[in-house]
Amino acid sequence: MTASQPVKITVTGAAGNIAYSLLWRITAGDVYGKDTPVELALLEIPDAVGAAEGVAMELNDSAFPLLRGITVTDDPEVAFKDTKAAFLVGSRPRTKGMERADLLEANGAIFTVQGKALNAVAARDVRVLVVGNPANTNAYIAANSAPDLDPSQFSALMRLDHNRTLSQVSLKTGVPTAELTKVAVWGNHSASQFPDLTYSNAEVDETWYKEEMIPKVAKRGAEIIAVRGRSSAASAASAAVDHMHDWIHGTEDWRTAAIVSDGSYGVDEGLVAGFPTVSRDGKWEIVQGLELSDFQKERIEASVQELREEREAVAHLLKG
Ligand code: NAX
């Protein structure tokens, strides 16, 4: 890609909290690099298009050297036309009294439409990262609504869980996050997730790891809401940037990405689950050949079972 050709990047939920941080990081060049100009498409629901236009005004006011244009729209086919990277952040939040099944249903409707639109108009090598919850199952729905794209082009954000794990270990041991290796988070982006230190170089006490760290990381989203009064936003945006950056540029060490399973480690083929992965040649690859203990198998199976139940709850949306 030459410096004069901008890359089109789409962000949905553009008037929301996460986008307010994410868009600035993208436009600063933190995803594609400081020499790649960007053209942004901001997708919102009709009621929030006005607010997204305000976000676009502020982005323009930031005078980013790499910014080549912004489209604000409520039409997925406009937003995804020729896009190379889609951050699907917007989703229907869980409101008081809403059952998980209703949440899955409401989001299923959003992600079938967006998957179909990506299938129809996005660049053929588009990379899709679903951030909006329930992220894994929303990515599963989008991937299954896009038959002309490869399942490997769809992923869900579990890098925040990965980063939270690195951070907890670093705070406990004093070892900087960049020096910690082979950390991964398996399963669903939910309280059932399994942050796994089995292969890492972290020197921590087993009781702390199993009884304090795992639940702390798995429930960190709720803790942030309790303390900050609002859900994680800048840290989620930062993780989304890390995920897309590494997907494009590659990694040496392991990262966690929720990707479409090929059946590895007993995770049903087709489910979108967090795995230990590396990014090579522009693709996420599941780290192979790991021996799993009974403890690991149990934890992974519990989270995968939740993903199976979510798949079951949305199956009717994908018929026909
Ligand atoms: P906000 O409620 O601030 O913003 C969401 C925005 O999405 C709103 O402006 C809304 O109008 C828009 N939206 C809704 N439906 C849309 C559609 N069909 N097309 C386009 N836009 C649409 O939420 P925010 O704090 O930004 O969080 C966004 C999502 O990220 C939520 O689902 C949240 O649960 C999820 N998260 C996921 C994380 C992860 O690690 N995977 C962590 C952070 C966050 O909890």
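Me: How many aromatic pairs does the structure hold, and what makes two rings a pair?
Reply: The structure holds six aromatic pairs. Rings of Phe, Tyr and Trp (its six-membered ring) pair if their centres lie within 6.5 Å; planes under 30 degrees apart count as stacked, over 60 as edge-to-face and the rest as tilted. This is a predicted model, where local features need pLDDT of at least 70, side-chain atom pairs count only at pLDDT 80 or more, and totals for chains, interfaces and linings use all residues. Residues are numbered from 1 along each chain as its sequence is written, and side-chain values use heavy atoms, leaving out hydrogens and water.

Me: Why is the pair of Trp186 and Tyr265 called edge-to-face?
Reply: Their centres are 5.2 Å apart, within 6.5 Å, and their planes stand at 85 degrees, over 60, so the pair is edge-to-face.

Me: How do you know whether Trp186 and Tyr265 are buried or exposed?
Reply: Buried means under 20% relative accessible area, exposed over 50%, partly exposed in between (1.4 Å probe, protein chains only). Trp186 has 1% and Tyr265 has 18%, so both count as buried.

Me: What makes the charged end of Lys210 sit over the ring of Phe295?
Reply: The rule asks for NZ of Lys or CZ of Arg within 6 Å of the ring centre and within 35 degrees of the ring normal. The charged end of Lys210 is 4.2 Å from the centre of the Phe295 ring, and it is listed as sitting over that ring.

Me: Why does Asn17 count as making a polar contact with the ligand?
Reply: A polar contact is a pair of N or O atoms within 3.5 Å; within protein, one must be able to donate a hydrogen and the other to accept it, and residues adjacent in sequence count only if both atoms are side-chain atoms. A backbone N or O atom of Asn17 lies 2.9 Å from an oxygen atom of the ligand, so this pair qualifies.
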